[in-house]
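Me: I should like to learn how to read charge contacts and aromatic contacts in a protein structure. Could we work through one case together?

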Amino acid sequence: MARISRPFLLLSTRPEDEAARGELQSFAAAMEVDVDDIEQRRVESAALGRVNLDNYSGVLLGGSPFCNTDVLKSALQLRVEREIGSLVAAILDRDFPLLGACYGIGAIGTAIGARLGTTYAEAAGPVELSLVDAPANDPLLADVPARFSTIVGHKEAVDDLPDLATVLVSGDQCPVQMFKVGQNVYATQFHPELTAEALELRLRVYAHLNYFDLEELDEILEAAYSTDYTANNSILANFAKRYAR
């Protein structure tokens, strides 16, 4: 893709420098854009401040060690949720291009009145998901097969969606894996930015947060490295091609 004139805005909330840097690199690689075409704002490090959406091609919201359903929340987590929630509400009102992954599905889900819970949590690792028949012709799913491999790892998920959202991708263990609101707002429970290498980095950074059984790390990585994520990453490539300006 040629250099774009308006960058994509990536909202990150990972306190660990290595994880935040890896997230930026993963999104750029999957989107097939230069890292400089993405402006990363680490909301956990500083106040988000004013965001003029007209300066951007679209917005990306990455994963997080935070969970929307946490009972006890620090002042930092509450600030991050408040600031991201306000921006997501403005984006929804305008139907501005947004793709939120993992933590992003909770933020977008909360903004539209979805019910979140821990029923459909999934341990970190590769899974196979399925396109939902009716919306399979969505432009972000162009050339994505009916079943494709991706990576998950989450303690919360959507239990119930309001009617204004359309489910695009589903899974055997977690039924709401991707949904759409309006014409331009997307949310995924899975990680369309990840590859096996990026997953390994993230697993090692977050080994203490119980996203997986430490004794199963070698088995998870073996499965991850034997999986093809081309279709998974193409969702982000399609997002970039559709909205880059």
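Reply: The following exchange takes salt bridges, surface charge and aromatic pairs in turn. Please keep in mind that this is a predicted model.

Me: Let us begin with salt bridges. How many salt bridges does the structure hold?

Reply: Side chains of opposite charge can pair when their charged atoms come close. In this model there are 12 salt bridges. One of them links R42 with D17, with 2.8 Å between the closest N and O atoms. Because R42 belongs to strand β2 (residues 38-42) and D17 to helix α1 (residues 17-31), this pair ties together parts that are 25 residues apart in sequence.

Me: Are R42 and D17 buried or exposed?

Reply: Neither term applies, as the range for partly exposed lies between under 20% and over 50% relative accessible area. R42 is partly exposed because its relative accessibility is 22%. D17, at 48%, is likewise partly exposed.

Me: Which salt bridge involves D54?

Reply: D54 meets R94 in a salt bridge, at 2.3 Å from N to O. R94 is found in helix α2 (residues 75-94), and D54 in the loop between β2 and β3 (58-61), so the contact ties together parts that are 40 residues apart in sequence. R94 is partly exposed, with a relative accessibility of 42%, and D54 is partly exposed at 39%.

Me: What is the burial state of each partner in the bridge between E81 and K73?

Reply: The side chains of E81 and K73 meet at 2.9 Å, N to O. E81 counts as buried because its relative accessibility is 19%, and the limit for that class is under 20%. K73 has a relative accessible area of 26% and is therefore partly exposed. As for bridges that share partners, D17, R42 and E44 are joined by them into one network.

Me: Where on the surface do negative charges gather, and which residues take part?

Reply: A patch of negative charge on the surface is made by D213, E215, E216, D218, E219 and E222. Residues enter such a patch when they have over 30% relative accessible area and no salt bridge. Take E215 as an example: its place is the loop between α4 (196-205) and α5 (217-225). E215 counts as exposed because its relative accessibility is 77%.

Me: Now for the aromatic rings. How many aromatic pairs are there?

Reply: A pair of aromatic rings is described by the distance of the centres and the angle of the planes. The count for this structure is three aromatic pairs. In the pair of F8 and F239, the ring centres are 5.9 Å apart and the planes stand at 45°, so the geometry is tilted. F8 lies in strand β1 (residues 8-12) and F239 in helix α6 (residues 230-243), so the pair ties together parts that are 231 residues apart in sequence. F8 is buried, its relative accessible area being 0%, and F239 is buried with a relative accessibility of 0%.

Me: What is the geometry of the pair formed by F148 and F190?

Reply: The centres of the F148 and F190 rings are 5.7 Å apart and the planes are at 70°, so this pair is edge-to-face. F148 is part of strand β7 (residues 147-154), while F190 sits in the loop between β11 (185-188) and α4, so parts 42 residues apart in sequence are tied together. Both F148 and F190 are buried.

Me: Which residues form one aromatic cluster?

Reply: The cluster consists of F8, F239 and Y243.

Key:
Residues are numbered from 1 along each chain as its sequence is written. This is a predicted model: local features need pLDDT of at least 70, side-chain atom pairs count only at pLDDT 80 or more; totals for chains, interfaces and linings use all residues. Side-chain values use heavy atoms; hydrogens and water are left out. Patches are made of residues with over 30% relative accessible area and no salt bridge: like charges are joined within 9 Å, nonpolar side chains (Val, Leu, Ile, Met, Phe, Trp, Tyr) within 5 Å. Accessible areas come from the Shrake-Rupley method with a 1.4 Å probe; for residues, only the protein chains shown count as cover. A salt bridge is a side-chain nitrogen of Lys or Arg within 4 Å of a carboxyl oxygen of Asp or Glu. Lys and Arg count as positive and Asp and Glu as negative; His and the chain ends are not counted. The place of a charge is taken as NZ of Lys, CZ of Arg, CG of Asp or CD of Glu. Helices (H or I, at least four residues) and strands (E, at least two) are DSSP runs, numbered from the N terminus. Buried means under 20% relative accessible area, exposed over 50%, partly exposed in between (1.4 Å probe, protein chains only). Rings of Phe, Tyr and Trp (its six-membered ring) pair if their centres lie within 6.5 Å; planes under 30 degrees apart count as stacked, over 60 as edge-to-face and the rest as tilted.
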